[in-house]
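Let's take a walk through this structure together, one stop at a time. Keep the 3D view open as you read.

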Amino acid sequence: RIYKFGPTSIKQNMIFVGYVNQTNDKGCFIRLSFNCVARCSHRELSEKPLLNANGTFFANRLVVGRVLNVKPDGKIDVTLKESAVKFGYELEDTQLKTGLIMKGRVAGFTRTSAIVALMGCKFNGILKPEDVNTEGKSID
């Protein structure tokens, strides 16, 4: 059987297989079918910081991703992050609140702070040394 995969059949959180159509400094476009193209922003390409997105996500490369959002005008936002493809995003922006305890991984750092990729959601946080409470706790 042949199933036609068009823009109207794509739903949020669907996993897809597609081909990279074009890559630039802001991200890449992925061809999902003959008449359907999705957009992946630069921060959604990988968990690790990419120095050369054009070299990693070259034209016609086969990729697996997850649909983040389907806008009313038909534009599709996707992610290629391995953790999002495997597990999905459990936490939406409406569920974030002050004092919420989360796990994270340091994605980058500067002289004064660390950028932390929060697990279970698509957001990053900034961690400053004065925000860390180490009284009786170990930091992994």
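A salt bridge here is a side-chain nitrogen of Lys or Arg within 4 Å of a carboxyl oxygen of Asp or Glu. Keep in mind, too, that what you're looking at is a predicted model.

With that rule in hand, start at K71 and D77. Their closest N and O atoms are 3.5 Å apart, so the pair falls within the 4 Å limit and forms a salt bridge. D77 has another partner as well: R39 forms a salt bridge with D77, and there the closest N and O atoms are 3.1 Å apart. This second pair ties together distant parts of the chain, with R39 sitting in strand β3 (residues 36-41) and D77 in strand β5 (residues 76-79), 38 residues apart. Counted by the same rule, there are two salt bridges, and R39, K71 and D77 are linked in a network.

How buried or exposed are these three residues? D77 is buried, because its relative accessible area is 13% and the cut-off for buried is under 20%. R39 has a relative accessible area of 37%, so R39 is partly exposed. K71 counts as partly exposed too, at 30% relative accessibility.

Next, look for the nonpolar part of the model. In soluble globular proteins, nonpolar side chains tend to be buried together. The largest nonpolar core here has 17 residues, and I30, V78 and L80 are the ones with the most contacts inside it. Strands β1, β2 (27-33), β3, β4 and β5 are the elements that give two or more residues to this core. To get a feel for it, click on I30: leaving out residues up to four places away in sequence, I30 touches a long list of others, among them F16, V20, V37, V63, V78 and L80.

Now head to T23, which lies in strand β1 (residues 15-24). What does T23 touch beyond its neighbours within four places in sequence? The answer is C28, A53, N54 and F57. With F57 there's a polar detail to zoom in on: a polar atom of the T23 side chain lies 2.5 Å from the backbone oxygen of F57. T23 is buried, since its relative accessible area of 16% is under 20%.

Further along the chain you'll find a pair of strands. Strand β6 (residues 104-109) and strand β7 (residues 114-118) run antiparallel and are joined by five bridges. A hairpin of four residues leads from β6 to β7. If you'd like to pick out one of the bridge partners, find R105 and look across to A117 in β7.

Finish with two asparagines whose backbone is worth a look. N13, found in the segment before β1, has a phi near 75°, which is a positive value in a residue other than glycine. At 42% relative accessibility, N13 counts as partly exposed. N60 also has a positive phi, of about 70°, although N60 is not a glycine. You'll find N60 in the loop between α1 (53-56) and β4 (62-70).

Methods. Residues numbered from 1 in each chain as written. Predicted model: local features only at pLDDT ≥ 70, side-chain atom pairs only at ≥ 80, totals over all residues. Heavy atoms only, no water. Buried < 20%, exposed > 50% of the residue type's maximum accessible area, 1.4 Å probe, protein only. Polar contact = N/O pair within 3.5 Å; in protein donor to acceptor, adjacent residues only side chain to side chain. Contact = heavy atoms within 4.5 Å. Pairing = 2+ DSSP bridges. Core = buried A, V, L, I, M, F, W, Y, C linked by side-chain atoms within 4.5 Å.
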